[in-house]
Amino acid sequence: MEFKNNRLRLRGVSLFLLSLFVVFPNVILAGNDSGLDLVTSLIIATVIIVFGAVIFVADNLLQLESKRQMEGKDIKIDASLFPKDFKVSSDKLPTYIPRDRYFHLNRGFDINLEGKPENKILETPNVSNYSVLPTDFYGLAPIPKLVPDEGSSVLAGEELFFDKRSPEIKFVAPVSGEFVGIKRGPKRAIHEVNLLADKEIKYKELPAVDLETASREDLVNFLKKYGGWVHLRQRPFDTIPDPEEVPRDVFISTFDTAPLAPNLNFTVKGESAAFQAGLNLLNKLTEGSVHLGLDGRGEEMPSEVFLNAENVEKYWFKGQHPAGNVGVQIHHIKPIKKGDVVWYLHPHDVIVLGRMLTERRYNTERLFALTGAEFKPNAYVKTRPGASVKEVLSGVEFRDDNVRIVSGDVLTGDKKERDGFLGFFDDQVTVLLEGNYYEMFGWLLPQAVRPSLSKTFPGFLFPDLEYTADTNTHGEPRAFVVTGQYEAVLPMDIYPQHLMKAIMTNDFERMEGLGIYEMSEEDIAICEFVCTSKMPLQKILREVLDIVNE
Amino acid sequence: MKDKLLDTINKFEPDKKSSPFLWTLYDGIHTFLFAPNHVTKDGVHIRDNMDLKRTMVHVVLLLQLCYLFGTYNIGHQHFLAIGEYTGFLEGFHLKFLYGFWQLLPIFIVAHVVGLAIEFYYAAKKGHSIEEGFLVSGALIPLIMPPDIPLWILGLSVAFAVIIGKEAFGGTGMNIWNVALLSRVFVFFAYPTEISGDGVWISGFENLELPNSPVEYGWVHLTLFNGIFDYFGLATFDPGWYVMDGFTGATPLSLGFQGGWEAITEVYTQTAMIWGTIPGSIGETSKPLIIIAAVFLAAIGIASWRIMAGMLIGAIFTGLLLNLWGATPFMTVPWYHHLYLGSFLFALAFMATDPVTAASTERGKWIYGFLIGFFGMIVRVINPAYPEGWMLAILLMNTFSPLIDHLVLRKNMQKRLASA
């Protein structure tokens with residue numbers, strides 16, 4: 001774990017400083033003429049270093065031995081010679097966080113934007129248009145096979161379409177109503193499968209499943225047939241998992257550190273039963289275990305739903321964005337190696353799976369956060385993925401008309417027109433100003449405060465300042481010049497810039513070595529934000545992930 | 001007002017297809033005046049406010065400290081050689097204008113040649129003008145001797161930009177530091193122009209000849225003197241000649257011959273630290289360079305790891321050489337080396353060039369350390385030229401991909417081994 005290394009490093013540095021402290025005055029006093037004093041002082045320094053090293057090694061052995069003897073017992077004895085309180089990087093943890101399951105990630109960058117959602121639920125908007133968007137799923141053939149005829153009516157949970165390559169995995173209707181048609185994009189690819197919802201949603205009743213007796217195969221077939229399977233996502237490649245493969249582990253991050261992210265502790269309130277049912281189901285599907293990443297930042301205690309979850313391995317993470325990204329958490333809990341397949345889910349998708357067991361219906365209702373500085377109030381609404389953007393936002397008025405609506409957060413979300421629909425995996429809508437303006441000497445003297453990693457702006461002196469950001473690129477694309485920037489914001493043992501260069505040169509062996517299987521667009525997104533050269537990193541990564549996946 | 005100006009400028013937009021050169025020029029000026037109205041697509045919706053122009057301009061702004069002092073110091077050294085106005089602030093207007101008039105053509109030639117080539121390639125390749133030359137162009141005058149013939153300067157800049165940068169694909173693709181490449185071109189192609197004792201003092205026909213007269217032109221004697229006369233100030237005197245026994249030798253060449261004592265016979269420690277000594281135009285003032293280095297490291301534009309590595313490398317090698325002590329120069333205590341010559345300038349501005357330096361964090365430490373190590377070796381042991389940073393940095397530029405490769409390979413092996 002990270003803090004132990006830091007402690008070791010601290011000791012090493014202090015030892016080095018101590019020896020310098022001995023050598024320095026000697027050398028300065030020795031002046032020009034004497035070489036002997038220099039030699040003597042070097043010898044003294046060597047003695048100190050050797051002596052210190054012996055002590056440190058002995059101390060570590062002592063600790064290891066005590067750890068071995070104490071194994072299995074509840075008592076914890078600190079056998080170290082050095083007091084534990086003398087730890088610069090170690091934090092005072094709230095009592096609910098166990099130290100041995102705690103990761104403090106030092107690198108990262110929180111983009112502090114104005115327009116965070118308050119913990120308040122607004123009046124449920126009257127949404128009648130829904131759509132399932134095949135483009136939300138990676139690895140899907142562009143023209144899926146539609147099941148119902150146009151104009152026929154469907155129940156929530158009834159089959160809507162499937163991918164011809166894996167016809168047993170069904171995509172189902174989120175609401176009951178009339179199937180009103182499709183919208184095609186370039187090359188006749190189907191982009192929207194549209195539904196006109198009933199006033200009262202009628203659900204298709206799902207068969208009862210007993211987790212105790214059901215086999216893994218039964219459960220897989222249940223999920224595939226009734227629409228639960230597509231809520232699972234697999235790493236590497238972020239695709240819908242292959243039913244033939246058993247995942248090594250399942251990972252769930254229970255907090256979101258992205259800009260203006262919804263507070264999941266608030267949005268899952270009262271869903272304990274469904275969440276637990278979902279976890280139990282997942283436990284049956286993996287050969288490893290279900291890992292839960294919890295918020296260890298200590299500002300807010302995680303919801304009971306997460307804290308009291310059973311049959312899971314809990315880990316705590318503290319750090320700036322992207323500490324809440326499941327990819328970063330996987331990297332620290334149990335990294336993905338070549339050939340590994342793991343699954344990950346958003347807590348809301350776990351709840352959807354759980355409801356399929358507890359309520360016996362496919363119910364994707366969840367709280368969406370309406371965020372961004374362009375309107376008030378910023379709070380939550382109850383709706384479903386695939387709801388019409390226009391109808392969800394019908395109750396709010398924007399300060400300005402020149403805005404961009406994003407389903408998801410500002411780093412990874414998708415741009416939506418007003419007649420668009422919310423993304424399948426999203427739980428947030430962000431509205432921000434379009435930045436299609438010229439700024440005089442903007443590169444030298446920006447006329448507004450904006451979020452930046454760079455300390456050439458005074459913003460770093462005011463960490464609590466909330467910014468309003470717009471979509472201007474603030475500069476033109478360039479070749480890589482600045483180095484070390486991506487590493488500073490990505491808390492993974494990965495060299496993102498070199499990985500990107502390997503991708504650009506199509507060096508697959510190097511990509512593998514540098515950890516392409518651990519990388520996902522949402523993890524590289526923060527690097528793309530800070531990039532001085534304005535590189536489209538997510539696009540570059542997605543293209544190669546699709547190629548490797550083929 | 002902004003909109004009006006924008007409209008006016010937009011009216012002049014040439015056609016990109018029919019006149020690519022004009023368009024490139026137009027685009028360069030336009031993006032200089034106005035940050036463009038591009039919006040994000042296919043990825044993040046918001047972008048950091050930082051861009052390459054801003055990164056580069058911060059280095060250029062901090063170099064202005066060196067420019068200010070360098071300008072004045074050209075004049076100061078000139079008058080020290082004559083033996084007039086030897087106090088630092090005496091004859092302020094003479095020294096400043098003398099230095100300014102000496103530096104201005106160097107600055108103009110370096111920029112005109114470099115930017116012209118940059119524009120040409122930008123237009124030919126159809127991309128917008130890259131900011132890389134902003135920093136190189138600001139650095140090149142500072143590392144040249146004040147009396148460098150302008151045609152040599154132009155040739156060296158052209159060589160550095162074409163062979164050193166454009167041949168590799170432009171800004172961000174070059175292997176060697178462009179500014180140092182121009183300097184090394186002068187060093188190897190015209191060795192007499194940049195070595196020897198006489199080149200560091202400006203304004204004499206041949207400093208080594210006794211009683212060599214000053215070279216003043218029309219500008220000094222008519223224009224400047226006319227102005228000074230009008231205000232009743234002291235004027236340039238065409239009858240001045242170089243003082244007897246003045247050599248203009250730099251501390252390093254003195255140290256090479258006679259160690260620390262030989263240096264201190266001519267220069268005081270204070271003078272060497274404050275920078276009132278002969279040398280390349282921008283390298284002499286240590287406090288200003290330290291301010292710039294600390295600032296660059298603090299705002300994160302230059303890598304503090306490289307700086308720290310280089311400092312440690314130089315100290316380590318200095319200690320080793322002190323222990324060895326075979327020549328007079330080796331006995332110069334290591335801590336004096338830190339403010340001799342262009343060590344600090346190289347540390348702050350040359351080694352930290354992100355394009356040519358190692359790009360991994362661990363690699364930066366190694367890269368910096370090795371520059372410190374080789375630089376000291378070349379400075380102290382090389383018999384021909386008692387300064388090593390230029391050669392050490394170019395050498396390590398060459399090997400920085402190798403350092404990165406080793407660091408990355410360790411990371412890759414770790415990942416593949418556990419697979």
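These are my notebook entries on the strands of chain A and on the domains and helices of chain B in a predicted model.

**Entry 1, sheet in chain A.** I began with the open sheet of chain A, in which four strands follow the order S2-S8-S7-S4 with antiparallel pairing. I looked for its edges and found them at strand S2 (129–132) and strand S4 (153–154) of chain A, each of which pairs on one side only. Following the edge strand S4(A) inward, I noted that its pairing with strand S7 (residues 177–184) of chain A is antiparallel and rests on two bridges, and that A:Ser153 stands opposite A:Glu178 in S7(A).

**Entry 2, strands S3, S5 and S6 of chain A.** I then turned to strand S3 (residues 145–146) of chain A, which runs antiparallel to strand S5 (residues 159–162) of chain A and is joined to S5(A) by two bridges. S5(A) also pairs with strand S6 (residues 170–172) of chain A, again in the antiparallel sense, over three bridges. What stands opposite A:Leu146 in S5(A)? I found A:Phe161 there, and A:Phe161 in turn has A:Phe171 as its bridge partner in S6(A).

**Entry 3, domains of chain B.** For chain B I wrote down the division into domain 1 (2–33), domain 2 (53–248) and domain 3 (285–419). Between domain 2 and domain 3 of chain B, the C-alpha centres lie 26 Å apart, and the contact takes 17 residues from domain 2 and 20 residues from domain 3. On the domain 2 side of this contact, helix H3 (52–82) and H7 of chain B each supply at least two residues, and H3(B) gives the most, with seven residues. Sorting that same side by class, I recorded 10 nonpolar, six polar and one charged residues.

**Entry 4, helices H6 and H7 of chain B.** Since H7(B) is among the helices named in the domain contact, I looked next at how H7(B) packs against H6(B). The axes of helix H6 (residues 150–164) and helix H7 (residues 178–189) of chain B come within 8 Å and cross at roughly 130°, which means that H6(B) is oblique to H7(B). The crossing in which H6(B) passes H7(B) is right-handed. From H6(B) the contact is made by B:Ile152, B:Ser156, B:Val157, B:Phe159, B:Ala160, B:Val161 and B:Gly164, and from H7(B) by B:Val178, B:Leu181, B:Ser182, B:Phe185 and B:Val186. Which classes make up this contact of H6(B) with H7(B)? I counted nine nonpolar and three polar residues, and no charged residues.

Terms used: Residues numbered from 1 in each chain as written. Chains lettered and ligands numbered in written order. Predicted model: local features only at pLDDT ≥ 70, side-chain atom pairs only at ≥ 80, totals over all residues. Axes fitted to C-alpha atoms, helices over the stretch in contact; angles between N-to-C directions. Parallel < 35°, antiparallel > 145°, perpendicular 65-115°, else oblique. Left-handed = near helix turned anticlockwise from the far one by under 90°. Contact = placed C-beta atoms within 7 Å. Nonpolar A, V, L, I, M, F, W, Y, C, P; charged D, E, K, R; others polar. Domains from an automatic or database assignment. Pairing = 2+ DSSP bridges.
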